[in-house]
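Here is a short set of exercises to work through with the model open beside you. Try each task before reading its solution.

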Protein chains: 2
Amino acid sequence: MGWTGQLPDALTSETGGKIILLVADGLGGLPHPETGLTELETAKTPNLDALVTEGSTGLHVPIAPGLTPGSGPAHMGLFGYDPVEYLIGRGVLEALGIGFDLREGDVAVRINFATVDADGNITDRRAGRIPNEVCEELSARLDTIELPGVELFFRPVKEHRAALVLRGDGLAGDLNDTDPQATGVPPLPVTAQCPEEERTAELLNTFVAKAREMLTDQPKANAITLRGIAERTRIPTFGERFKLRAAAIAGYPMYRGVAGLVGMDVLPIASTPEAMATMLKENWNDYNFFFMHYKYTDSTGEDGNFDAKVKATEEFDTVVPGVRAVNPDVLLVTGDHSTPSALASHSWHPVPVAILSAAIRRDANTTFGETACLTGSLGRMRAVDLMPLMLSHAGRLAKFGA
Amino acid sequence: MGWTGQLPDALTSETGGKIILLVADGLGGLPHPETGLTELETAKTPNLDALVTEGSTGLHVPIAPGLTPGSGPAHMGLFGYDPVEYLIGRGVLEALGIGFDLREGDVAVRINFATVDADGNITDRRAGRIPNEVCEELSARLDTIELPGVELFFRPVKEHRAALVLRGDGLAGDLNDTDPQATGVPPLPVTAQCPEEERTAELLNTFVAKAREMLTDQPKANAITLRGIAERTRIPTFGERFKLRAAAIAGYPMYRGVAGLVGMDVLPIASTPEAMATMLKENWNDYNFFFMHYKYTDSTGEDGNFDAKVKATEEFDTVVPGVRAVNPDVLLVTGDHSTPSALASHSWHPVPVAILSAAIRRDANTTFGETACLTGSLGRMRAVDLMPLMLSHAGRLAKFGA
């Protein structure tokens, strides 16, 4: 069994130093073929380099070697939750991603608008990627559907994508997708696998039928399919696990949502370096843990734009002075995963880590980069091991055993 | 629970690049006392060095730090099967090692010819290490024994060692050894620990008694003892786990056997660099994963012959051009474990790894060796983590979670 990252409750302390976890989304990269330097190694990052010079460095593996994490699991790992044990359902992440205020017990579903023919067979699984405006109009229409004994929320996401949330007692998640992943066949029904799932399956099938009736006037989006049906289950909160009062400073719904899921207070939106620094300063006295999220190192990597990711990394560097200005006892800077612009996607590559605190074991590194971090004094660890490390540096973790 | 190396089925893809896992058995070594260089570091390996220069390096730990693996567990790890969970019985490995076509449900047993006195007490547990010819003659004799309801195969191995296989329905493995590990006492009976084992125990005890009758004319090998009684159990195949069509290119029965055990197609014997390259080229279009095994780096290490291991390593180096000639999407070169000639045996030391692929994070290494690999960009991982890494580099592993 070994070490799962689950700290015995008696180890964590109510008192101790204040911690900032500063995350540049998708921070890790791959070398440019001409220079041999990654985005991070190419960027001019004087503030990060100063931090590295005074601090300790290393690398983290988000889930396991070779595994590419989605944003949900990657952040759960950073927050100290084993991402395999605490796997967040896709419907839940979709709802969080649009900023929906999902509550415990809610069941969330990813929706595709689709086109079916007169026989009910799917001819286009994405309804010709209808424009956002049509998605919004039809979502408002389906939001008026009523089902017995549950509240219902139907929200547009983008193009043919939408989200459905059911709220009420005794609902079940983890039901099958109705998207058959093929055309020329009808959508599948939702099928209960056990008695506890029967009511949810029936409600969802009724919803699909009513939606069909309300969409008969549509040339393209005349049906819906359901995917990733998932319940927002009870997760032990960050406060319970680590005895911290935690706040999240982030601009994007998904990351705000995941922070909220583990019980952090989600502060008003702040996505630029200035706004992030101001938000931190204004709330510094009210919390002892801050998760701060910077997005654009990921989105530029996803775009496959090396130069833009370099620029975003340089902008991220300017977040650092404002963060150091509050004088945290522990500052850890890392990414949630790598997003190399060479791959234009998330990847499995380890992610640079730098930590600054009184009790660090320094190393020889003076710049922040993937290659330098290979020889850092933190070594290489799983993302889930970073929380205990931060807690210990903050004097918040007692001795294990006598 | 943490990560066990078991990939969720939905992550692996039917499509993607082609992978070669090239294994030099017992690759890792220890430094020569005069030069401070290991066998691998002493050998002239221009092809491996070129691969390292273009690729990424690191080290793998076959099972866990400090644990020396046998050939079976070491290869199960390389194949992505937790070697502790998928422990192959010793009888099974003995039968595979002589190239016996072991089938699911077969029970295999390691046999020692032994000498007993008139009272039935063992006087020599190895029957004076009878010559191979005697072993062969007596094995043919015992192969004629008949038991009710099962097929029986008795095969010579070497000197006093042989293998017995029972084939039939409802047999049980995991029964006790009959070798008492002492002289002056009789062999132990096979004793069933549960009703399911009773028939197998009875069959084996009957076999031992009949063997005694047939060996009364022998001055030395007048009895047998049984060890490592093991069933060939059902193992999820490589194809099931990784959605790969896999072929094994190897010269030695043991490695061919373990590859077959996980469901790889075992191609005709090829053990020289030329034969291995030709076999690969001829079968390249029919598979998307190749396991290629080179033996002599291990056997020379087992002999305690530093210079011979250096020579074998140099011969292994000449396998590389033929392998690169087919232009695999991912090429990973490593050993199954270390076999330092200083120890003349397998050892627990981590094993050098080099990988070549489009999506690698390069490092500064330009030679393949234990010390250089310490600072490689792959870092250090368990053997069981190599398969996910190869799959990801081949674009065959989807994102974990959304």
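The exercises below go from the single chain to its domains, a helix pair and the contact between chains.

This is a predicted model, in which local features need pLDDT of at least 70 and side-chain atom pairs count only at pLDDT 80 or more, while totals for chains, interfaces and linings use all residues. Residues are numbered from 1 along each chain as its sequence is written, and chains are lettered from A and ligands numbered from 1 in the order in which they are written.

**Exercise 1. Describe the overall build of chain A.**

Solution. Begin with secondary structure: chain A has 14 helices and 13 strands (DSSP runs, H or I of at least four residues for helices and E of at least two for strands, numbered from the N terminus). Next, take the box along the principal axes, which is roughly 70 × 55 × 40 Å for the C-alpha atoms. Finally, check the radius of gyration: chain A has 23 Å, which agrees with the value near 21 Å for a compact globule of 402 residues (taken over C-alpha atoms; the globule rule is 2.2 Å times the number of residues to the power 0.38).

**Exercise 2. Find the domains of chain A and say which helix gives domain 1 the largest share of its side of the contact.**

Solution. The assignment gives domain 1 as 11–86 + 235–393 and domain 2 as 93–231 (bounds from an automatic or database domain assignment). Their centres, over C-alpha atoms, are 35 Å apart. Seven residues of domain 1 and five of domain 2 make the contact (C-beta atoms, placed from the backbone, within 7 Å). On the domain 1 side, helix α8 (residues 253–261) supplies six residues, the largest share.

**Exercise 3. Work out how α4 and α8 of chain A pack.**

Solution. Start with the geometry: helix α4 (residues 90–97) meets α8(A) at about 120 degrees, the axes being 7 Å apart (lines fitted to C-alpha atoms over the stretch in contact, with angles from 0 to 180 degrees between N-to-C directions). Then list the residues: Leu93(A), Leu96(A) and Gly97(A) from α4(A) face Pro253(A), Met254(A), Gly257(A), Val258(A) and Leu261(A) from α8(A).

**Exercise 4. Relate chain B to chain A, and describe their contact.**

Solution. First count: 21 residues of chain B and 34 of chain A take part. On the chain B side, β13 (379–382) and α14 (386–393) each give two or more residues, and α14(B) has the largest share with four. Now superpose: a turn of 124 degrees with a shift of 0.0 Å along the axis lays chain B on chain A with an RMSD of 0.1 Å (least squares on C-alpha atoms of residues with pLDDT of at least 70 in both). That is the relation of a three-fold axis. In chain B, Thr375(B) has the C-alpha nearest the axis, at 3.9 Å. Lastly, the copies use different surfaces, as 10% of the contact residues of chain B recur in chain A.

How values were computed. Contact = placed C-beta atoms within 7 Å.
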